[in-house]
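Here is a friendly walk through one protein model, meant to be read with the structure open beside you. Let us go from the strands to the rings and then to the loops.

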Amino acid sequence: FSLGLWGKPEYSFGAGTFLNKNTVFFPEFKHFTGSRTIVLNEDPNLLAFQLLDYYTLSTTDSYFEGHVEHHFNGFILNKIPLLRRLGFQAVSGINYLKTKEADHLEFFVGIENILGDGRVDFVGGYDRENQFVSGFRVNLGL
């Protein structure tokens, strides 16, 4: 949905559990989309985590995940003359994952529409040991 001049929020929530956990092989686990690479080849989406190691929190127990992203559509960056001419737009969001083993929380702010569909995000969050981790993610929009 759109908030007019304030931009456009997007969200995705999911939850699940396994009814029979007696014989579950690794390919059948619930795997969450994560990435620890700096350069991404595909668009960030509302089902992915930017600071989650691959397969770290894969589970056969109950889980909840939530992704919220807000595209400001020029509401913030249109106030700066040079950035307005370039067509950059601000984006921010939060990703959360709760499993039996751990909580994973990350938040991000970024600029999108760089050279077309490119995007740069600064991402911060907490890992399994409750340590703060952060980094930049560059999306080429290919």
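## A strand with two faces

A word on terms helps here: a residue is called buried when its relative accessible area is under 20%, exposed when it is over 50%, and partly exposed in between. Please keep in mind that this is a predicted model.

With that in hand, take a look at strand β7, which spans residues 132-139. Its covered face carries Val133, Gly135, Arg137 and Asn139. The uncovered face carries Phe132, Ser134, Phe136 and Val138.

## The sheet around it

Where does β7 sit in the sheet? The seven strands of this open sheet follow the order β1-β3-β4-β5-β6-β7-β2, and their pairing is mixed. At the edges stand β1 (8-16) and β2 (39-40), each with a single partner strand, so one side of each has no neighbour in the sheet. As background, strands of a sheet pair through backbone hydrogen bonds, in either a parallel or an antiparallel way.

On one side, β7 runs parallel to β2, and two bridges join them. Valine 39 has valine 138 of β7 as its bridge partner. β7 also runs antiparallel to strand β6 (residues 118-126), with eight bridges between them. Here arginine 119 is matched with asparagine 139 of β7 as its bridge partner. The hairpin of β6 and β7 has five residues between the strands, and asparagine 130 takes a positive phi near 60° there.

Elsewhere in the sheet, strand β4 (residues 89-99) and strand β5 (residues 103-114) run antiparallel and are joined by ten bridges. If you want a spot to zoom in on, find leucine 97, whose bridge partner in β5 is histidine 104.

## Aromatic rings

How many aromatic pairs does the model have? The count comes to nine. One of them joins phenylalanine 13 and phenylalanine 64, which are stacked at 6.3 Å centre to centre with 20° between the planes. Phenylalanine 13 belongs to strand β1 and phenylalanine 64 to strand β3 (residues 63-71), so this pair ties together parts that are 51 residues apart in sequence.

Are these two rings buried or exposed? Phenylalanine 13 is exposed, with a relative accessible area of 51%, while phenylalanine 64 counts as partly exposed at 35%. Both belong to one aromatic cluster, together with Tyr11 and Tyr96.

## A nonpolar patch on the surface

Phe13 and Phe64 also turn up in a nonpolar surface patch, whose members include Phe1, Leu3, Leu5, Trp6, Tyr11, Val68, Ile94, Phe107, Tyr126 and Phe132. Together the residues of the patch have about 1,300 Å² of accessible area. β1 and β3 each supply at least two residues of this patch.

Tryptophan 6, another patch member, lies in the segment before β1. At 53% relative accessibility, tryptophan 6 counts as exposed.

## Loops with a positive phi

Most residues other than glycine have a negative phi. Which residues here depart from that sign? Among them is tyrosine 55, with a positive phi near 65°. Tyrosine 55 is found in the loop between β2 and β3, and it counts as exposed at 52% relative accessibility.

Leucine 115 likewise has a positive phi, near 50°. Look for leucine 115 in the loop between β5 and β6, where its relative accessibility of 85% makes it exposed.

Notes. Residues are numbered from 1 along each chain as its sequence is written. This is a predicted model: local features need pLDDT of at least 70, side-chain atom pairs count only at pLDDT 80 or more; totals for chains, interfaces and linings use all residues. Side-chain values use heavy atoms; hydrogens and water are left out. Two strands pair if DSSP finds at least two bridges between them. Helices (H or I, at least four residues) and strands (E, at least two) are DSSP runs, numbered from the N terminus. Buried means under 20% relative accessible area, exposed over 50%, partly exposed in between (1.4 Å probe, protein chains only). Rings of Phe, Tyr and Trp (its six-membered ring) pair if their centres lie within 6.5 Å; planes under 30 degrees apart count as stacked, over 60 as edge-to-face and the rest as tilted. Patches are made of residues with over 30% relative accessible area and no salt bridge: like charges are joined within 9 Å, nonpolar side chains (Val, Leu, Ile, Met, Phe, Trp, Tyr) within 5 Å. Accessible areas come from the Shrake-Rupley method with a 1.4 Å probe; for residues, only the protein chains shown count as cover. A salt bridge is a side-chain nitrogen of Lys or Arg within 4 Å of a carboxyl oxygen of Asp or Glu.
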